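Please look at the sequence and the structure shown here before reading on. The questions that follow are meant to be worked through one at a time, with the picture at hand.

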Amino acid sequence: MAQLKQDTRDWSVAWKNPFVVGWFVILTIVLAVNFFMVSMAIVTNPGLVIEDFYEKGKNMDAVLANRKRMEQLGWQLNVDLPILSEGKAKTVTLTVLDKNDQAFDVDSAILYYYRPSDKALDGEIALQPTGNPGVYTAEFALPLKGKWDLVMEVHRGDDHFNVGRSIMVQDPE
């Protein structure tokens with residue numbers, strides 16, 4: 001008859017058990033990854049905080065009333081925004097229409113651009129009239145690829161109207 005090999009391993013000491021060692025290694029890896037992620041969140045914090053949050057909150061009624069007034073005006077901002085590449089200037093064209101789809105001139109047209117991950121890259125550019133009623137253009141370039149938020153705002157007397165959108169800037173071609 002074949003002789004059975006007897007198990008001589010000693011499992012009474014926990015650190016000699018491969019399951020205990022395996023769980024300890026997994027726990028150490030999870031904690032190290034979590035520590036790394038928390039430290040990166042602290043170090044790379046963009047600090048996108050509204051400094052006057054209390055005043056902005058108090059003015060929420062005014063913001064909602066302004067939005068309702070914008071709807072009543074019925075203005076339309078048609079933005080011809082080409083696909084942007086990192087660092088390459090392209091022409092942005094804005095056409096301002098009233099609720100009857102008739103182009104009309106405004107006092108000013110401004111394009112605000114925001115980088116959600118870096119407040120230092122935020123800025124604005126004024127659009128210039130082209131001579132055609134209600135048509136404004138500007139040469140526009142963004143320095144980095146990735147997500148950008150744009151707000152187009154026009155003023156005419158005491159009335160102002162704005163629209164926003166998010167875009168993705170591509171790698172240079």
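The questions and answers below deal with sheets, aromatic pairs, a surface patch, a backbone angle and salt bridges.

This is a predicted model, in which local features need pLDDT of at least 70 and side-chain atom pairs count only at pLDDT 80 or more, while totals for chains, interfaces and linings use all residues. Residues are numbered from 1 along each chain as its sequence is written, and side-chain values use heavy atoms, with hydrogens and water left out.

Q: In the open sheet that holds β4, β3, β7 and β8, which strands stand at the edges?
A: Helices (H or I, at least four residues) and strands (E, at least two) are DSSP runs, numbered from the N terminus, and two strands pair if DSSP finds at least two bridges between them. The four strands of this open sheet follow the order β4-β3-β7-β8, with antiparallel pairing. Each edge strand has a single partner strand, so one side of it is left without a neighbour in the sheet, and this is the case for β4 (123–126) and β8 (159–169).

Q: By how many degrees are neighbouring strands of the sheet β4-β3-β7-β8 turned against each other on average?
A: The sheet in question has the order β4-β3-β7-β8. Axes are lines fitted to C-alpha atoms, for helices over the stretch in contact, and angles run from 0 to 180 degrees between N-to-C directions. With direction ignored, the average turn between neighbouring strands of this sheet is 20 degrees.

Q: Which residue of β7 is the bridge partner of Y112?
A: Strand β3 (residues 108–114) and strand β7 (residues 146–156) are paired in the antiparallel sense, over seven bridges. Looking across to β7, the bridge partner of Y112 is V151.

Q: Which residue in β6 stands opposite Q128?
A: A further open sheet has four strands in the order β1-β2-β6-β5, again with antiparallel pairing, and its edge strands are β1 (76–80) and β5 (128–129), each pairing on one side only. Strand β5 runs antiparallel to strand β6 (residues 135–140) and is joined to it by two bridges. Opposite Q128, in β6, stands T137.

Q: What kind of aromatic pair do W15 and F24 form?
A: Rings of Phe, Tyr and Trp (its six-membered ring) pair if their centres lie within 6.5 Å, and planes under 30 degrees apart count as stacked, over 60 as edge-to-face and the rest as tilted. By this rule the count comes to five aromatic pairs. In the pair of W15 and F24 the centres are 5.2 Å apart and the planes stand at 90 degrees, which makes the pair edge-to-face.

Q: Are W75 and F161 buried or exposed?
A: The ring centres of W75 and F161 lie 6.2 Å apart with the planes at 45 degrees, so this pair is tilted. W75 lies in the loop between α3 (60–73) and β1, and F161 in strand β8, so the pair ties together parts that are 86 residues apart in sequence. Relative accessible area is called buried under 20%, exposed over 50% and partly exposed in between (1.4 Å probe, protein chains only). On this scale W75 and F161 are both buried.

Q: What is the phi of D101, about how many degrees?
A: D101 has its place in the loop between β2 (90–97) and β3. Although D101 is not a glycine, its phi is positive, at about 60 degrees.

Q: How far apart in sequence are the parts that the salt bridge of R69 and D159 ties together?
A: A salt bridge is a side-chain nitrogen of Lys or Arg within 4 Å of a carboxyl oxygen of Asp or Glu, and the structure holds three of them. The side chains of R69 and D159 meet in one of these, at 2.9 Å from N to O. R69 lies in helix α3 and D159 in strand β8, so the parts that they tie together are 90 residues apart.

Q: Where does D171, the salt-bridge partner of K145, lie?
A: The side chains of K145 and D171 meet in a salt bridge of 3.0 Å, N to O. K145 is partly exposed at 42% relative accessible area, and D171 is partly exposed at 45%. The two are 26 residues apart, with K145 in the loop between β6 and β7 and D171 in the segment after β8.
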